[in-house]
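Open the model and keep the sequence beside it. The walk below goes from a single residue to the sheet, then to the pocket.

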Amino acid sequence: MEVLGGSQTIFALTSYLARFTYNYADKYFLTANFRADGSSRFDANNRWGYFPSVSGAWRINEEPFLRSFETLSNLKIRASIGQVGNQAPVRIFQYETTLGNGANYDFGNDGEADIGIVENRFPSVGIKWETNVMRGIGIDIGLWQDRLNITADAYIRKTQDMLTQVRIPLSTGNADDSPLVNNGEVENRGFELAINYNDQISDLSYSVDVNFSTFQNKVTFLQNNSVFIDG
């Protein structure tokens with residue numbers, strides 16, 4: 001006889017996005033976004049997260065005072081700031097308590113274990129969306145009809161309300177499935193530089209690329225960092 005089994009889960013994610021773009025004389029650029037995300041992984045009070053962003057650019061080489069520089073084919077300055085949400089660490093219905101069997105115990109002398117039910121998952125109460133805030137500035141330079149292109153970017157990314165598991169003692173009986181909390185902040189800083197030169201000699205086309213980047217990661221805030229003895 002073959003025993004069949006299965007399971008079913010229900011999960012919903014709804015997103016709304018509004019965007020505004022503006023371009024004046026191909027010199028001034030502005031983009032604004034507003035995003036709303038709703039996830040069933042969170043309880044009803046924290047289901048929705050709202051994440052705005054805005055970016056702008058100025059193509060300086062189109063200004064009259066730079067048009068006489070024939071070697072300069074592109075010069076653009078960029079800046080942006082925005083937020084995005086993260087719900088990946090949260091499992092389905094993690095805000096609820098679940099019960100399971102397997103906690104059997106022999107209460108008598110008959111040698112048979114009585115079936116027991118135990119709380120096998122502690123609820124993650126009140127958790128909300130993890131938010132990543134990104135700030136960046138950049139510059140694009142093109143020379144000699146864009147045969148030489150230089151792109152440089154500097155950014156700071158801060159993760160707020162970070163979703164992490166809280167440590168709980170073994171005496172709870174279920175330390176392997178700790179609840180999630182919004183705990184701490186992490187800051188990432190970086191710089192990226194890309195240089196590209198492309199040209200053609202007769203029928204031969206070639207390109208040379210150089211890339212350089214730096215990255216720094218730092219925990220700037222951590223709450224509930226209590227220490228206890230395991231075992």
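Start at phenylalanine 93, which is partly exposed, with a relative accessible area of 37%. That value counts as partly exposed because the class lies between the buried limit, under 20%, and the exposed limit, over 50%. Keep in mind that this is a predicted model. Phenylalanine 93 sits in the loop between β4 and β5 (98-101). Its backbone stands out too: phi is positive, about 60°, although phenylalanine 93 is not a glycine.

Glutamine 145 also has a positive phi, here about 55°, and is not a glycine either. Its place is the loop between β7 and β8. Is glutamine 145 buried or exposed? Glutamine 145 is exposed, because its relative accessible area of 64% is over the 50% limit.

Now turn to the sheet. Strands of a sheet pair through backbone hydrogen bonds, in a parallel or an antiparallel way. Here 8 strands form an open sheet, and the pairing is antiparallel. Read across, the order is β1-β2-β3-β4-β7-β8-β11-β12. The edges are β1 (13-24) and β12 (204-221). Each has a single partner strand, so one side of each is left without a neighbour in the sheet. Neighbouring strands of this sheet are turned by 10° against each other on average, direction ignored.

Go through some of the pairs. β1 and β2 (residues 28-39) run antiparallel and share 12 bridges. One contact point to find is threonine 21, whose bridge partner in β2 is threonine 31. Next, β3 and β4 pair in the antiparallel sense over 7 bridges. Look for tryptophan 58 here; its bridge partner in β4 is isoleucine 77. Then follow β4 to its pairing with β7, which is antiparallel and has 14 bridges. Within β7, arginine 135 is the bridge partner of isoleucine 81.

The strands lead on to the largest pocket. Its space is about 160 Å³. Which residues lie nearest its centre? They are Arg78, Ser80, Gly136, Ile137 and Asp153, out of 15 residues that line the pocket. Four strands each supply at least two residues of the lining: β3 (48-59), β4 (72-86), β7 (130-143) and β8 (148-160). The largest share comes from β7, with 5 residues. By class, the lining of the largest pocket has 6 nonpolar, 5 polar and 4 charged residues.

Finish at alanine 154, in strand β8. How exposed is alanine 154? Its relative accessible area is 29%, so alanine 154 is partly exposed, between the limits of 20% and 50%. Leaving out residues up to four places away in sequence, alanine 154 touches Arg135, Gly136, Ile137, Gly190 and Phe191. Two of these names, Gly136 and Ile137, have come up before, among the residues nearest the centre of the largest pocket. Arg135 has come up as well, as the bridge partner of isoleucine 81. Last, compare sequence with space. Alanine 154 and alanine 79 are 75 residues apart in sequence, while their C-alpha atoms are 9.7 Å apart.

Notes
Residues are numbered from 1 along each chain as its sequence is written. This is a predicted model: local features need pLDDT of at least 70, side-chain atom pairs count only at pLDDT 80 or more; totals for chains, interfaces and linings use all residues. Side-chain values use heavy atoms; hydrogens and water are left out. Two strands pair if DSSP finds at least two bridges between them. Axes are lines fitted to C-alpha atoms, for helices over the stretch in contact, and angles run from 0 to 180 degrees between N-to-C directions. On a 1 Å grid over the protein atoms alone, a cavity is a set of points where a 1.4 Å probe fits but cannot get out, and a pocket is an open set with protein on both sides within 12 Å along at least five of seven lines; lining residues have an atom within 4 Å of a point. Grid points are joined across faces, edges and corners, and a volume is the space filled by probe spheres set on the points. Ala, Val, Leu, Ile, Met, Phe, Trp, Tyr, Cys and Pro count as nonpolar, Asp, Glu, Lys and Arg as charged, and the others, Gly among them, as polar. Buried means under 20% relative accessible area, exposed over 50%, partly exposed in between (1.4 Å probe, protein chains only). Contact means heavy atoms within 4.5 Å.
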